[in-house]
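Please open the structure in your viewer and keep the selection tool at hand. The tour below moves from one selection to the next and says what is found at each stop.

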Amino acid sequence: MNIPFLGNWRKKRDPAGGVTVFSNGESDHEGVTELLSECELLRSQAHQAGIELDDTAASLEALDQLLPRWRDDEESLPWLGNDAGLYLGTVIVRTVPGAVWEVWPDGQPVVRLESGRVIDVVVSGRAWADSGVPELSQLYAEVAET
């Protein structure tokens, strides 16, 4: 997912990896988190199913319980998977201490944990939308433990 206008945010360059790190200053970090947390298609699907996406691990568990009716719609499947990944990343960044959003040079948003581990949440979200594996709550639990 390429987000070219993110270049307007105040940012720090990691000379080793050329990655844009959005963690310098609370307003920048929170602004990027807000932007990436929109996930309109996922929020709409969840709302229709009576699920509130409140940026908690419990909401990830609720998403894992949804009947995957979206798999019949090949057009929206990649978008929903993208949204699921961004939502997973949002929950991680908001609840796991030290987790931050980074944007790779190709525009792909990822989450970097305090340990240095990088989670490509969009790839995980697409896999979840396609097959249900890994479960979003399972991946969150693994990440939250480290």
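Begin by selecting Glu 102 and Arg 112, whose side chains are joined by a polar contact of 2.4 Å; bear in mind throughout that this is a predicted model. The pair also counts as a salt bridge, with the closest N and O atoms 2.4 Å apart, and it links distant parts of the chain, since Arg 112 belongs to strand β4 (residues 109–112) and Glu 102 to strand β3, 10 residues apart. Show the strand β3 (residues 100–103) to place Glu 102 within it. Is Glu 102 buried or exposed? Glu 102 counts as buried because its relative accessibility is 2%, a value under the 20% cut-off, whereas Arg 112 is partly exposed, with a relative accessible area of 24%.

**Other salt bridges**

The structure holds 5 salt bridges, and a second one to select is that of Arg 117 and Glu 142, whose side chains meet at 2.7 Å, N to O. Here too the pair links distant parts of the chain, with Arg 117 in the loop between β4 and β5 (118–119) and Glu 142 in helix α6, 25 residues apart. Both partners are partly exposed: Arg 117 has a relative accessible area of 29%, and Glu 142 has a relative accessibility of 39%. Next, add Glu 34, Arg 43, Asp 55 and Arg 94 to the view, which salt bridges with shared partners join into one network.

Within that network, look at Arg 43 and Asp 55, which form a salt bridge whose closest N and O atoms are 3.5 Å apart. Arg 43 lies in helix α2 and Asp 55 in the loop between α2 and α3, so this pair ties together parts that are 12 residues apart in sequence. Arg 43 is partly exposed at 25% relative accessibility, while Asp 55 counts as buried at 14%.

**Backbone stops**

Stay with Asp 55 and turn to its backbone, where phi is near 65 degrees, a positive value in a residue other than glycine. Then select Cys 39, in the loop between α1 (26–36) and α2 (40–48), where phi is again positive, near 45 degrees. Cys 39 is buried, with a relative accessible area of 4%. Further along the chain, in the loop between α5 (121–131) and α6 (136–145), select Pro 134, and check the peptide bond that leads to it from Val 133, which is cis, with omega near 0 degrees. Why pause at these places? Most residues other than glycine have a negative phi, and most peptide bonds are trans.

**The nonpolar core**

For the last stop, which residues have the most contacts inside the largest nonpolar core? They are Leu 63, Ile 92 and Val 111, in a core of 34 residues. The elements that give two or more residues to this core are α1, α2, α3, α4 (77–95), α5 and α6, and α4 gives the most, with 9 residues. In soluble globular proteins, nonpolar side chains tend to be buried together. To see part of this core in detail, centre the view on Leu 63, which, leaving aside its neighbours within four places in sequence, is in contact with Leu 42, Ala 46, Ile 51, Leu 53, Tyr 87, Trp 128 and Leu 136.

Notes. Residues numbered from 1 in each chain as written. Predicted model: local features only at pLDDT ≥ 70, side-chain atom pairs only at ≥ 80, totals over all residues. Heavy atoms only, no water. Helix = DSSP H or I, 4+ residues; strand = E, 2+ residues; numbered from the N terminus. Buried < 20%, exposed > 50% of the residue type's maximum accessible area, 1.4 Å probe, protein only. Core = buried A, V, L, I, M, F, W, Y, C linked by side-chain atoms within 4.5 Å. Contact = heavy atoms within 4.5 Å. Polar contact = N/O pair within 3.5 Å; in protein donor to acceptor, adjacent residues only side chain to side chain. Salt bridge = Lys/Arg side-chain N within 4 Å of Asp/Glu carboxyl O.
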